[in-house]
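Here are some short exercises to work through with the model open beside you. Try each task on your own, then follow the solution step by step.

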Amino acid sequence: MTAKRARVALASLLAAAGAAQALQLPRESAVPGGVKLLRLEAPGDVAPRVEADGHRTLVVRDGEGWIAVVGIPLSTPVGDMRVEVFGAAGAQPVDFTVADKRYLAQSLTVAPGQVDLSAQDLARVKRERAVLDRALEHWSAAPPESLRWFPPVPGVHSSSFGMRRVFNGEARNPHTGMDIAAATGTPVSSPAAGTVLDTGNYFFTGNTVLIDHGEGLISMYCHLSAIDVQPGQRVAAGTRLGAVGMTGRATGPHLHWALSLNRTWVDPELFLR
Ligand SMILES: [Zn+2]
């Protein structure tokens, strides 16, 4: 091959890679805890409003049309799931199929006080749940800059999302994030651009940072040993958010990374490059 032909071949390869990157969709996995990519035939320049269980979903441009990126709750039964698409003619139901996914079970032993909570701790957890609920309901109109991210901490991430958990022999809520094991003090970076929605110290999640990426896509970083950002701060992909730790309920130093879409925890793995 001549040098010129090689350059042309390389240029078209890069163009193809660029085109693939431009769409930047997460991987589709229509299972409980997964993401459905729903192509919508809606003319015009205004994204159609789509709601799943009363919560507005992320909608991104796809050439001439639109794609709703719908988070599927872990508790969704196998079968049809319905979303409402709002157009000029009112709400139109659209159904899609949710397939089965068997998540593994995980048994953990923690201090009894972290499972059987005192009245005081229960009251604290209830207050904190309300704060988290409000944060996850936050909607900002600017769409995310990217939907394919680098992990917030390099290293081995477990496929622990969705695991059914047994604490000290008792079944509890499933695991709603991805755990990345790393030494205490390892920097945690924002995997994508966004705005710091909230920071705080919570009973279960310890030192926690919430980032709003736009249109209801919100990421959460837990058990941090340090928090280096403040609410309202704009962050870029790669901005340091804090450091890995084991604050809150954790059996060892790790990052618990969780991702909420239309008020639903989804598997962060689907958003990794
Ligand atoms: Zn976790």
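**Exercise 1. Place V229 in the fold and say whether V229 is buried or exposed.**

Step 1: V229 sits in the loop that links β16 (226-227) to β17 (234-235); strands here are DSSP runs of E with at least two residues, helices are runs of H or I with at least four, and both are numbered from the N terminus.
Step 2: With a relative accessible area of 5%, V229 is buried (buried is under 20%, exposed over 50%, partly exposed in between, with a 1.4 Å probe and protein chains only).
Step 3: Setting aside neighbours within four places in sequence, V229 contacts V196, T199, V209, V235, R240 and L241, where contact means heavy atoms within 4.5 Å.
Step 4: For a long view, pick P93: its C-alpha atom is 41 Å from that of V229, and the two residues are 136 apart along the chain.

A word on the model: it is predicted, so local features need pLDDT of at least 70 and side-chain atom pairs count only at pLDDT 80 or more, while totals for chains, interfaces and linings use all residues. Residues are numbered from 1 along each chain as its sequence is written, and side-chain values use heavy atoms, with hydrogens and water left out.

**Exercise 2. Find the residues that coordinate the zinc ion.**

Step 1: Look for H175 (NE2), D179 (OD) and H256 (ND1), which coordinate the zinc ion at 2.0 to 2.1 Å.
Step 2: Check how donors are chosen: they are N, O and S atoms within 2.8 Å of the metal (3.2 Å for Na, K and Ca), and sites may look incomplete because water is not among the atoms.
Step 3: Write out the spacing of the donor residues in sequence, H-x3-D-x76-H.
Step 4: Compare accessibility: H175 is buried at 3%, and D179 is buried at 17%.

**Exercise 3. Describe the largest nonpolar core.**

Step 1: This core has 33 residues, and V69, Y221, L255 and F271 have the most contacts inside it. A nonpolar core is a set of buried Ala, Val, Leu, Ile, Met, Phe, Trp, Tyr and Cys residues joined through side-chain atoms within 4.5 Å.
Step 2: Among the strands that each supply at least two of its residues are β5 (65-71), β14 (206-214), β15 and β19. The greatest share comes from β19, with 4 residues.
Step 3: Now zoom in on Y221: beyond four places in sequence, its partners include P152, V188, L255 and H256.

**Exercise 4. Which residues other than glycine have a positive phi?**

Step 1: One is D53, with a phi of about 55°. D53 lies in the loop between β2 (49-52) and β3 (55-56), and counts as exposed at 72% relative accessibility.
Step 2: Another is H223, whose phi is near 65°. H223 belongs to strand β15 and counts as buried, at 5% relative accessibility.

**Exercise 5. Locate S118 and say how accessible S118 is.**

Step 1: Go to the loop between β8 and α2, where S118 is found.
Step 2: The relative accessible area of S118 is 34%, so S118 is partly exposed.
Step 3: Finish with N173, which is 55 residues from S118 in sequence and 19 Å away in space, C-alpha to C-alpha.
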